[in-house]
There are 4 protein chains.
Amino acid sequence: MTKQSVAIVGAMGFAARDLIACLLRHPQVELVMLGDKLDQPLSLVSVYPEFRGQTDLVIENADASRINSAARIVFLALPHKVAQGYAHPFCEAGKIVIDLSADFRFDDISLYEKTYAILHEAKDLNKKAVYGLPELFRKEIRNATLIGNPGCYPTSIILGCAPLMETGWIDPASIIADSKSGVSGAGRAATPATHYVSCNESIRAYAIGSHRHTPEVEEKLSRLSKEKVTVQFTPHLTPMDRGILSTIYMNLRKDVNQEKIQKRFEEFYSGEPFVRILPQGQLPSTKTVSCTNFCDIGLVLDSRTGRLIVVSAIDNLLKGASGQAVQCMNIILGCEERAGLL
Amino acid sequence: MTKQSVAIVGAMGFAARDLIACLLRHPQVELVMLGDKLDQPLSLVSVYPEFRGQTDLVIENADASRINSAARIVFLALPHKVAQGYAHPFCEAGKIVIDLSADFRFDDISLYEKTYAILHEAKDLNKKAVYGLPELFRKEIRNATLIGNPGCYPTSIILGCAPLMETGWIDPASIIADSKSGVSGAGRAATPATHYVSCNESIRAYAIGSHRHTPEVEEKLSRLSKEKVTVQFTPHLTPMDRGILSTIYMNLRKDVNQEKIQKRFEEFYSGEPFVRILPQGQLPSTKTVSCTNFCDIGLVLDSRTGRLIVVSAIDNLLKGASGQAVQCMNIILGCEERAGLL
Amino acid sequence: MTKQSVAIVGAMGFAARDLIACLLRHPQVELVMLGDKLDQPLSLVSVYPEFRGQTDLVIENADASRINSAARIVFLALPHKVAQGYAHPFCEAGKIVIDLSADFRFDDISLYEKTYAILHEAKDLNKKAVYGLPELFRKEIRNATLIGNPGCYPTSIILGCAPLMETGWIDPASIIADSKSGVSGAGRAATPATHYVSCNESIRAYAIGSHRHTPEVEEKLSRLSKEKVTVQFTPHLTPMDRGILSTIYMNLRKDVNQEKIQKRFEEFYSGEPFVRILPQGQLPSTKTVSCTNFCDIGLVLDSRTGRLIVVSAIDNLLKGASGQAVQCMNIILGCEERAGLL
Amino acid sequence: MTKQSVAIVGAMGFAARDLIACLLRHPQVELVMLGDKLDQPLSLVSVYPEFRGQTDLVIENADASRINSAARIVFLALPHKVAQGYAHPFCEAGKIVIDLSADFRFDDISLYEKTYAILHEAKDLNKKAVYGLPELFRKEIRNATLIGNPGCYPTSIILGCAPLMETGWIDPASIIADSKSGVSGAGRAATPATHYVSCNESIRAYAIGSHRHTPEVEEKLSRLSKEKVTVQFTPHLTPMDRGILSTIYMNLRKDVNQEKIQKRFEEFYSGEPFVRILPQGQLPSTKTVSCTNFCDIGLVLDSRTGRLIVVSAIDNLLKGASGQAVQCMNIILGCEERAGLL
């Protein structure tokens with residue numbers, strides 16, 4: 001198989017860095033172009049010195065027609081609201097477009113517009129976009145030409161809840177997701193909140209009841225469960241580089257036991273290359289999945305309180321962003337799903 | 001006022017270290033003796049080099065009669081189950097005994113026995129013990145001679161819930177406390193779980209549904225609310241030295257608004273030297289209270305879900321252990337409550 | 001003794017934060033005013049929430065005449081080059097001025113001007129300024145009205161070398177100081193270099209051969225040794241909040257043994273409240289001195305190579321900045337030298 | 001090419017973990033057996049849960065004859081002094097043996113015996129062992145059947161000095177290597193020194209003038225320079241998982257300039273897949289090489305002091321241990337030298 005040509009638009013953020021690392025070691029693709037909004041070209045190594053000796057790629061001002069000439073697959077690693085403005089030329093040229101922002105994640109465009117407080121400029125494209133969570137939508141992904149790559153928190157929460165959505169076992173109004181993210185989740189911008197001395201030796205909650213990932217999670221879980229799912233979501237900033245741990249609480253509606261739930265999860269994710277259901281009595285940690293595309297899930301049924309507690313762990317930059325995007329690409333290209341991933 | 005003499009039994013753990021630091025800078029007490037189970041005396045500095053130049057204290061084999069001769073106040077900083085065996089001689093000699101273990105925390109001795117899987121050897125003493133949480137039991141503490149100093153997680157959770165217990169505003173079966181603790185909470189023992197490389201860059205949950213602090217919290221909250229309170233408690237090990245952040249979820253039973261709840265908390269803790277209710281819109285972090293005896297509390301009412309989310313932050317070794325013990329001592333001695341504390 | 005009134009100009013940096021903490025717990029001074037360059041007053045708590053409940057101080061636009069009316073002692077916690085412009089009115093009004101910047105640290109004003117690439121605007125004041133390192137210049141500090149408070153790296157290096165300077169035991173051209181600083185040393189500005197994800201899990205050297213603290217160290221050591229001392233200084237950014245560890249290498253010029261050197265250090269610092277010479281065979285760590293004003297020093301003579309290795313550890317924000325400034329103030333006011341310090 | 005079979009003896013340490021990870025993703029080898037001293041077989045996943053879903057390998061009690069039947073290449077990841085007792089049967093069976101301990105690193109067996117305070121039990125094997133530093137000994141490695149894989153600190157120091165050894169530019173008695181290692185370098189044993197709370201927020205020096213890596217470095221550099229090289233080596237424990245940064249000081253003996261030295265390093269390592277000489281003015285960090293097999297080197301000539309400062313950075317577990325071992329294996333097998341490495 002001749003190598004597939006890939007371009008990235010938006011090359012300066014943490015997600016782009018990990019995406020570049022995956023693509024450089026991918027045996028079946030070739031990263032041919034890096035674009036961003038730039039006055040002057042910039043060597044990738046000057047931005048991320050870890051790539052020294054591995055590539056001579058230069059980040060250029062993003063030019064759609066040049067990218068269209070060079071690449072078959074285009075990743076958009078741009079901020080929310082910016083990505084939608086870039087998608088059209090690539091989609092029209094028949095490229096496979098994988099967008100890491102929130103812009104093409106929502107089925108309900110008005111929910112997107114409300115959540116992100118903006119009018120969507122590419123409603124036509126959004127209609128054909130597929131939510132890039134392979135464990136739930138692999139079939140749709142296979143034929144997609146535009147992927148809305150899931151958010152980091154949503155990936156960890158949805159994968160932790162999905163097997164239960166059709167069972168009727170849990171109360172869909174009772175879900176509470178208490179998530180803890182490493183600081184890379186706050187992005188590469190230097191702000192008082194990302195200063196080392198602010199973050200180190202400290203954990204704190206933020207955006208309680210108002211984080212924009214809540215509607216994304218609710219829409220996808222509602223779609224799966226065929227009834228309205230409400231999620232109480234609290235993100236926390238944790239003193240570590242990478243990782244999301246979501247501790248998810250659900251009230252049981254029916255009398256099921258631990259074994260049955262354990263089995264349900266194991267069967268639901270049977271054959272999945274990147275989801276690992278831990279044996280009963282074990283719980284995941286972010287370190288175990290760090291720098292990998294895995295999602296580890298542990299389950300505890302507390303019969304005393306009638307609650308199920310699901311704990312899921314991912315690397316926020318890989319399964320929560322770039323790794324998942326590469327997994328989607330692999331599915332579309334028909335590559336081995338683990339190619340380029342660790 | 002002549003200085004009050006103080007001894008510590010169990011001088012080798014993290015809690016003892018912070019206790020010693022508080023007592024050394026306390027203007028009205030004098031730390032006269034450190035005891036532990038030892039074949040040979042050991043200089044304190046050899047265990048904790050940070051005390052070099054501040055004290056020449058030696059840790060000796062704990063001898064009740066010598067301690068009774070020397071000290072008026074005795075802190076027990078021993079493991080659970082061990083402390084109860086040490087309390088009698090000091091109590092009988094009329095000392096003020098402040099126990100940092102779980103051994104004298106429970107009103108219901110059979111709940112203690114079930115929780116810690118042991119028969120209590122000092123049931124008589126337990127009857128007169130007072131739970132050393134000043135914000136709730138200051139009056140009882142003032143006249144106590146035996147204090148059961150609260151657990152670290154329970155302090156953060158109880159302070160976060162107490163103002164609501166009598167209001168009838170929340171469903172007492174709905175409380176979920178998702179707590180994140182620094183590694184010092186795991187104690188000073190070197191184990192695979194406390195190895196730097198295990199903890200660093202990782203967060204994980206443990207003891208879901210089975211942690212021994214759950215019954216302690218439930219007993220105290222039930223006592224306050226006069227109805228049975230059930231708490232779903234999940235502790236997490238977080239990559240930092242100190243601190244506990246508890247994110248507490250409660251279903252509202254009545255229609256109250258944020259302002260009313262905010263006011264309730266402010267009034268409930270009015271005049272308290274160590275509880276700080278943050279203004280609406282602000283949330284605490286463990287760093288802000290690190291190395292202090294403060295408990296910071298932030299409140300969010302999510303009207304969409306009908307839940308109240310309380311976030312409380314303490315230093316696990318101070319307000320969660322030694323600082324609180326010193327606060328209790330100050331109350332008993334009639335000292336300024338902040339003496340020796342930061 | 002009635003409390004002495006203190007003001008701080010430049011209240012927004014890390015050094016100011018620690019200075020405020022020291023002054024708030026100091027029994028003999030009262031912090032009456034905080035100034036900075038501000039359009040609008042700002043509550044201290046809004047900048048540093050850790051002070052909630054401890055003070056209602058407001059940071060105001062710094063006004064010399066108002067400060068002169070209110071305070072007897074003025075700390076300048078301003079950037080280098082800015083401080084010199086603020087000193088005059090306070091000095092003229094007869095205040096005790098303690099400047100934490102580099103502006104009044106140099107005996108040789110032309111060396112300052114070369115090092116900081118600026119013309120000094122207050123040369124007259126610089127003449128009467130005293131270098132605020134109590135272990136070396138306590139007598140001069142006692143009568144000073146203007147203190148040039150030492151730099152963080154210089155404090156750790158000078159204290160590690162001073163006892164040897166007059167002995168003739170070491171080659172003054174051979175000194176190499178390899179220093180490791182926590183990230184707070186880089187200041188409170190949010191930059192790519194202080195981003196959590198840049199610093200965490202990484203150590204790196206910077207400014208090799210060109211750091212501005214080199215001339216400061218060399219000037220003071222040369223003054224002590226009465227011959228020209230050259231120092232090779234390499235600072236490193238280390239993934240921790242606080243602390244400087246300096247590993248200092250010196251070639252022995254004479255045949256001295258470990259015991260003699262050990263004794264020299266112990267005698268040189270005998271009676272010093274904040275310098276601790278560790279017993280032979282022990283080495284300091286930054287943690288042991290964290291949040292204190294101590295400088296711990298360990299000594300190893302390597303007879304195989306003919307080198308002495310001195311390792312010194314301080315808290316960069318306390319003994320390396322604010323703590324030392326308070327120590328100087330205590331000396332000037334005749335307070336107990338440890339007052340306000342831990 | 002049919003896959004080469006590989007076994008590891010000593011599967012429980014950090015080095016083994018990284019070695020397994022490299023071998024599992026290596027396209028041309030198959031990891032067939034893991035051995036250790038065990039009463040009962042143990043699944044690899046129970047020791048290192050990160051391998052879940054990637055392999056079903058079990059760690060068995062190491063049995064030489066079974067390993068000899070199964071594998072062509074044997075890695076020994078055992079402690080110093082233990083490895084030498086294991087090597088014979090594999091060497092006699094004609095296996096390629098790559099030993100990660102110190103046991104086969106020394107040319108001078110008596111220096112080994114003095115350094116490690118033990119009689120060497122396999123002197124015959126030691127004679128044919130090759131020091132596995134590919135940048136210096138690639139030719140010998142190619143034909144080796146027994147590799148003494150270099151120590152972590154030595155790798156970082158030797159690579160930083162090697163280009164200068166034959167030039168006569170530097171004084172071979174003047175080398176000072178100040179090295180900073182992440183905590184994984186202290187091994188997997190849970191000790192007070194590796195407790196999270198001991199290491200976090202702290203940096204400290206240890207084993208000054210007495211670390212066993214000093215003779216290893218000196219022997220190899222002396223061999224290169226053809227005169228006696230003495231190295232002053234100080235290791236430091238740094239609060240991070242991985243990485244070694246060595247700051248190396250050398251007195252210049254001749255008048256060379258920065259450009260000449262820069263060019264010397266670039267030419268010396270020209271074509272090397274894993275050594276990156278940074279452009280003038282840039283310095284390495286451990287993060288940039290973390291989880292890779294790279295060694296990054298930055299150079300500063302301080303003409304004021306007449307010293308050259310070389311800063312080298314490696315990942316202690318990869319280029320400093322397992323990655324280097326795999327690189328050696330690749331050379332012996334004739335694989336692409338980067339195979340299995342990141």
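This briefing covers the chains of a predicted model, their contacts, sheets and domains. The predictor gives the complex an ipTM of 0.97 and a pTM of 0.97. Chain A averages a pLDDT of 97, and 100% of its residues score at least 70. Chain A touches chain B, and chain D touches chain C.

**Where chain A meets chain B**

- Chain A gives 35 residues to this contact, and chain B gives 35 residues.
- Several strands of chain A each supply at least two residues to the side that touches chain B: strand 9 (175–181), strand 10 (204–205), strand 11 (231–237), strand 12 (244–251), strand 14 (295–302) and strand 15 (307–314). Helix 12 (286–289) of chain A also supplies at least two.
- That side of chain A has 14 nonpolar residues, twelve polar residues and nine charged residues.

**How chain A and chain B are related**

- A turn of 180 degrees, with a shift of 0.0 Å along the axis, lays chain A on chain B. The RMSD of this fit is 0.0 Å.
- The two copies are thus related as by a two-fold rotation axis.
- Which residue of chain A has the C-alpha nearest the axis? That residue is A:Pro239, with its C-alpha 3.2 Å from the axis.
- The same surface serves both copies. Of the contact residues of chain A, 100% recur in chain B.

**Where chain D meets chain C**

- This contact takes 35 residues from chain D and 35 residues from chain C.
- On the side of chain D that touches chain C, two or more residues come from each of these strands of chain D: strand 9 (175–181), strand 10 (204–205), strand 11 (231–237), strand 12 (244–251), strand 14 (295–302) and strand 15 (307–314). Helix 12 (286–289) of chain D gives two or more as well.
- By class, the side of chain D that touches chain C holds 14 nonpolar, twelve polar and nine charged residues.
- Chain D fits on chain C with an RMSD of 0.0 Å, after a turn of 180 degrees and a shift of 0.0 Å along the axis.
- In chain D, the C-alpha nearest that axis belongs to D:Pro239, at 3.2 Å.
- The interface residues of chain D are, to 100%, also interface residues in chain C, so the copies meet through the same surface.

**The seven-stranded sheet in chain A**

- Seven strands of chain A form an open sheet in the order 10-11-9-12-15-14-13. The pairing is mixed.
- Strand 10 and strand 13 (275–277) of chain A are the edge strands. Each pairs on one side only.
- Strand 9 and strand 11 of chain A pair in the parallel sense, over seven bridges.
- A:Lys180 stands opposite A:His236, which belongs to strand 11 of chain A.
- Helix 11 (residues 258–268) of chain A lies across strand 13, strand 14 and strand 15 of chain A. The helix runs at about 160 degrees to strand 14 of chain A.

**The seven-stranded sheet in chain C**

- Chain C has an open sheet of seven strands, ordered 10-11-9-12-15-14-13, with mixed pairing.
- Strand 10 (204–205) and strand 13 (275–277) of chain C stand at the edges. Each has a single partner strand, so one side of each is left without a neighbour in the sheet.
- Seven bridges join strand 9 (residues 175–181) of chain C to strand 11 (residues 231–237) of chain C, in the parallel sense.
- C:Asp178 stands opposite C:Thr234 in strand 11 of chain C.

**Strand pairs in chain B**

- Strand 2 (residues 29–36) and strand 4 (residues 58–61) of chain B run parallel, joined by three bridges. B:Asp36 has B:Asn61, in strand 4 of chain B, as its bridge partner.
- Strand 3 (residues 42–43) of chain B pairs with strand 4 of chain B in the antiparallel sense, over two bridges. The bridge partner of B:Leu42 in strand 4 of chain B is B:Ile59.

**The two domains of chain A**

- The domain assignment of chain A gives domain 1 (4–149 + 321–333) and domain 2 (153–314).
- The centres of domain 1 and domain 2 of chain A, taken over C-alpha atoms, are 25 Å apart.
- How many residues of domain 1 of chain A are in contact with domain 2 of chain A? There are 18, and they are in contact with 18 residues of domain 2.
- Helix 5 (109–116), helix 7 (134–142) and helix 13 (322–333) of chain A each give two or more residues to the side of domain 1 that touches domain 2.
- That side of domain 1 of chain A has nine nonpolar, five polar and four charged residues.

How values were computed: Residues numbered from 1 in each chain as written. Chains lettered and ligands numbered in written order. Predicted model: local features only at pLDDT ≥ 70, side-chain atom pairs only at ≥ 80, totals over all residues. pLDDT = per-residue confidence, 0-100. Contact = placed C-beta atoms within 7 Å. Helix = DSSP H or I, 4+ residues; strand = E, 2+ residues; numbered from the N terminus. Nonpolar A, V, L, I, M, F, W, Y, C, P; charged D, E, K, R; others polar. Least-squares fit on C-alpha atoms with pLDDT ≥ 70 in both. Pairing = 2+ DSSP bridges. Axes fitted to C-alpha atoms, helices over the stretch in contact; angles between N-to-C directions. Domains from an automatic or database assignment.
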